[in-house]
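Biologist: Please take a close look at one part of this model, the residues that carry binding-site annotations, and describe their surroundings. I should like a connected account that starts from a single residue and proceeds to the contact between the chains.

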Amino acid sequence: MAAMAVALRGLGGRFRWRTQAVAGGVRGAARGAAGQRDYDLLVIGGGSGGLACAKEAAQLGRKVAVVDYVEPSPQGTRWGLGGTCVNVGCIPKKLMHQAALLGGLIQDAPHYGWEVAQPVPHDWRKMAEAVQNHVKSLNWGHRVQLQDRKVKYFNIKASFVDEHTVCGVAKGGKEILLSADHIIIATGGRPRYPMHIEGALEYGITSDDIFWLKESPGKTLVVGASYVALECAGFLTGIGLDTTVMIRSIPLRGFDQQMSSMVIEHMASHGTRFLRGCAPSRVRRLPDGHLQVTWEDCTTGKEDTGTFDTVLWAIGRVPDTRSLNLEKAGVDTSPDTQKILVDSREGTSVPHIYAIGDVVEGRPELTPTAIMAGRLLVQRLFGGSSDLMDYDNVPTTVFTPLEYGCVGLSEEEAVARHGQEHVEVYHAHYKPLEFTVAGRDASQCYVKMVCLREPPQLVLGLHFLGPSAGEVTQGFALGIKCGASYAQVMRTVGIHPTCSEEVVKLRISKRSGLDPTVTGC
Amino acid sequence: VEQSPPQSPGPGKAGDAPNRRSGHVRGARVLSPPGRRARLSSPGPSSSSEAREELRRRLRGLIERSRVMIFSKSYCPHSTRVKELFSSLGVECNVLELDQVDDGAKVQEVLSEITNQKTVPNVFVNKVHVGGCDQTFQAYQSGLLQKLLQEDSAYDYDLIIVGGGSGGLSCAKEAAILGKKVMVLDFVVPSPQGTSWGLGGTCVNVGCIPKKLMHQAALLGQALCDSRKFGWEYNQQVKHNWETMTKAIQNHISSLNWGYRLSLREKAVAYVNSYGEFVEHHKIKVTNKKGQETYYTAAQFVIATGERPRYLGIQGDKEYCITSDDLFSLPYCPGKTLVVGASYVALECAGFLAGIGLDVTVMVRSILLRGFDQEMAEKVGSYMEQHGVKFLRKFIPVMIQQLEKGSPGKLKVLAKSTEGTETIEGVYNTVLLAIGRDSCTRKMGLEKIGVKINEKSGKIPVNDVEQTSVPYVFAVGDISEGKPELTPVAIQSGKLLARRLFGASLEKCDYINVPTTVFTPLEYGCCGLAEEKAIEVYKKENLEIYHTLFWPLEWTVAGRENNTCYAKIICNKLDHDRVIGFHILGPNAGEVTQGFAAAMKCGLTKQLLDDTIGIHPTCGEVFTTLEITKSSGLDITQKGCG
């Protein structure tokens, strides 16, 4: 396959590569003899997707290199191998979410007979250190895994020289040329700064920094309505910090809006402050070190200010493509998003260059998606497979204080696709058993299943708001993948007493207008 | 039993048959157009399920509108005998001769789905399925047939349910929704220790609900330990107060009891807090706490009396030991506890008692969690052992002696080895028996009306429509033989039973792939077959088992052990690697298992697991990346992470 791809490219490309190799003359450069390139596969980006590709290709006996380089954040935060998920994403956020959940459990404990004096203070440094130590152990683990599989790892910043060659610059400024038959771009994305806002860059931090702070962020303003914004605000509130979220328009865009508003409702009733319909205009440092944020109410146009210890931007992410010199290789990107354009085989505009993960236009920005897409891609490249990645029905969970898990279509999307009259939504407000004794409010514990109305009522989407939503959602995602119908889900016997059994007990349709509150057992 | 014969001529003379060749039945409510062969199914593609549904509906209509409905074949001597029987009683019947209608074969098929009886004659009296020729004559001889014929308004209730637990209540509510006059009898015979409780049965009062809440209390103890690692600061040594916990849990249960009362009242179900005993066909005697007796009659009955904990039958057991009936409302902390038994009840109780800081020993006669996957069972046990629960394997108690009275007191337990002559002695504050449960079926007059029970187990054999050996008596829940003893199963089967009896439903309860979870300190969730069972049914060479150990993310920072949580699926190689067994040992196992059970209902295969994207970081996602087969013998221990 590799040979064919080369042949198809024609002589021009091959010649150019040779010129480069010879003319480059850089140490450690592409020194392949007789037209051989250094590697069968070069992966740019050592995150979840990139590492999965590299390991899979190595397993298939290929010669593989991974280049990874973390450009320090504007605040100077940097980290090791493993990409966003491991270092500044899923892993630390779920651990800090867990810290917050434990805070809630400590408050529950006296109801269950544990004599623990309230309130219990929280030490940020201790948590952060523990989380960071775990992340570092993961970084190390990834290094070891690459070594075990004989994948060459370069901690260098890469940019294309031509369509088969990448130039890497190491920390000391040394340059290396690497050539490969196939190149996979998996550089991911980084948080976006609102550059038009005065003081944003100087004084603000992002999710790249929050998990690596040595000291508590204190009173925090989180700007944005993405899941990153809500998750961060959620755990900061949960560990006892005064936290405010500023949202310009709608929360959790792209997610089911009924569920999103319930997520916000729950957070608001558990101490997170919300400034809705507001946009910040500047950040200044006051003489006492606090940050003064000025914002505008978008409807009234009125200005207001507040002081915070920390301002966290969570307004979106931009793909890490700028420094790649993609135009040198001829890889097309979207003019709007700068994300890389690919086909269903993850192929870019250049036949032997592929892209996976968050850097790609139109893909869900999720770790397991990147991993699976990467593995399938490599199996197609080197394993004789033809299986394509199925991006439909990707389950996910937002780890807000009350977790929100979903798979399939939102109610809006289902209605848009099939029409209101063809969609049946079953729903229930339920109370987790553990909430009863603890005296917790379960107003937002809610589940809904979006189905086609015509029998057998194919399930289009499942939305679950409640404890352990991620664990609950995973299995049902499989059901939906199997083409589950409402009838089949209802025939499943529940596991008692769990929250997930509420899903198999959904009887009340929205259309009926009946009260969806679950009573009794 | 008297009988008032109506003045109509009896059907069923053999000579009549030719005249009814167009499906004409006496009482002529289903006449077909003259000159045409009768069709019960609607025209159109006969194979379509719609047509079949229509046929069912019409059959059901026939049965419901006829005092006596006989599905017969004109040449069948048994059918003739039945017709003659009713004729001799002077009772008018509707007869459908299946050999004389176009779709007789299909009618017979649908009938067999409805009644589980393939043959003719197939007799219904006042909507009750009596059966074939022999059953009809038996019913005649026992007087049941006459009773059935009398029915209609003759009974106080359409349905009396004996037992107000999960199954009984769901059946009652559903029947009431369908417009029937329903009564629920519920009476809790106090435990030998004197414990009693309110409406709702085992699950609510002395089962799932309180045990999950005490399990939660134990998990919170673990969470408190974890929380220090996550930066929460509080004084060391948090003590646990049994009374606070128990009071909170009992308050919750009281509110549930009340909720059940209320919901019965709202649905106009009569609730009687009395003990029910059958005295004759369709008649039950109920006795309240004061010993006052009342009699009620009903057209149909559902037995849902459930089970109660078994005692050892040794000296001192009933006097000094407690069971799960007593534990959850025990007014004092049980202290140092010996749990006897290895059922899930035993292990769950031992688990949470240890979790709230008590000294707990489990005495096991043979294996842990009989009926469950034994590899998983052993892992459940070894986790408990590593977390402070002591196990005495292969011993059984022979005598319990009280050393000191008190709350708790002190008990001496003498036990002997199951393998030799060795005996041991131990002193405990509390001895909790959890060696099994017995059906509450022996003291309710079932023999008076001929409901057969399994003499050994006390369970009631039922067919696939929950019907006992007496056609108008049904059984749901823990007492029905061979069915999983689980609340949601009882609820489902009770509800579906009511819908079949009084609604137009034919849906039977599906007992395949029922998921469940054992709430031991490390939870164990499963669905489908245990590995042993799978090997027995499908043979080892036809199975592929995928498994892995995993380390929940939350455990890493908490400093809890790696290589403890375990996931396993069993696939049938002969059937596209279909998943026939699902097992997980880890936190939130119940929450994880439910969705996979739904997926198994939809034909989950290994390929589909592989194609599904995980939710990161969760425990459930481990099933989407299972690679190592058991047969490969490869190492599944996790070094480092991910």
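**Annotated sites and the chain contact**

Modeller: Leaving aside residues up to four places away in sequence, S485(A) touches P456(A), Q457(A), L458(A) and V459(A). The model is a predicted one. S485(A) is located in the loop of chain A between α15 (469–481) and α16 (486–491), and with a relative accessibility of 5% it is classed as buried.

The annotated residues follow. An unreviewed UniProt entry assigns the annotation "binding site" to G224(A), A225(A), S226(A), Y227(A), V228(A), A229(A), L230(A), E231(A) and G316(A). These residues span 93 positions in sequence, yet none of their C-alpha atoms lie more than 13.5 Å from one another, and they therefore gather at one spot.

Two members of this group can be examined in detail. L230(A) belongs to helix α9, residues 227–238 of chain A, and is buried, its relative accessible area being 0%. With residues up to four places away in sequence not counted, its contacts are A225(A), V245(A), L252(A), V263(A), I264(A), M267(A), F274(A) and T400(A). One of these partners, A225(A), itself carries the annotation. E231(A) is likewise placed in helix α9 of chain A and is buried, with a relative accessible area of 3%. Under the exclusion of residues up to four places away in sequence, E231(A) touches K93(A), T397(A), V398(A), F399(A) and T400(A). T400(A) thus appears among the contacts of L230(A) and among those of E231(A).

The unreviewed UniProt entry also places a "binding site" feature at K94(A) and D358(A). K94(A) is part of helix α5, residues 90–108 of chain A, and counts as buried at 6% relative accessibility. Beyond residues up to four places away in sequence, K94(A) touches F399(A), and in chain B it touches L553(B), E554(B), P617(B) and T618(B). F399(A) is also a contact of E231(A). D358(A) sits in the chain A loop between β18 (353–355) and α12 (367–382). Its relative accessibility is 19%, and D358(A) is classed as buried because that class covers values under 20%. With residues up to four places away in sequence left out, D358(A) touches G188(A), G189(A), K339(A), P364(A), E365(A) and L366(A).

The contacts of K94(A) with chain B lead to the interface as a whole. There, 82 residues of chain B are in contact with 81 residues of chain A. The area buried between the two chains is about 7300 Å², and carbon and sulfur atoms give 68% of it. On the chain B side, W232(B), E591(B) and I613(B) lose the most area to chain A, together 12% of what that side buries.

Polar and charged pairing can be described as well. Chain B and chain A are linked by 3 salt bridges. One salt bridge joins E627(B) to R375(A), with the closest N and O atoms 2.6 Å apart. Between the chains, 25 residue pairs are in polar contact, both residues having pLDDT 80 or more. Helix α8 of chain B, residues 208–229, gives the most to the side of chain B that touches chain A, contributing 14 residues. By class, that side has 40 nonpolar, 26 polar and 16 charged residues.

Terms used. Residues are numbered from 1 along each chain as its sequence is written. Chains are lettered from A and ligands numbered from 1 in the order in which they are written. This is a predicted model: local features need pLDDT of at least 70, side-chain atom pairs count only at pLDDT 80 or more; totals for chains, interfaces and linings use all residues. Side-chain values use heavy atoms; hydrogens and water are left out. UniProt positions are given in the numbering used here, feature names are shortened, and annotations may be inferred rather than shown by experiment. Helices (H or I, at least four residues) and strands (E, at least two) are DSSP runs, numbered from the N terminus. Buried means under 20% relative accessible area, exposed over 50%, partly exposed in between (1.4 Å probe, protein chains only). Contact means heavy atoms within 4.5 Å. Buried area is the accessible area (1.4 Å probe) that two parts lose on being put together, summed over both. A salt bridge is a side-chain nitrogen of Lys or Arg within 4 Å of a carboxyl oxygen of Asp or Glu. A polar contact is a pair of N or O atoms within 3.5 Å; within protein, one must be able to donate a hydrogen and the other to accept it, and residues adjacent in sequence count only if both atoms are side-chain atoms. Ala, Val, Leu, Ile, Met, Phe, Trp, Tyr, Cys and Pro count as nonpolar, Asp, Glu, Lys and Arg as charged, and the others, Gly among them, as polar.
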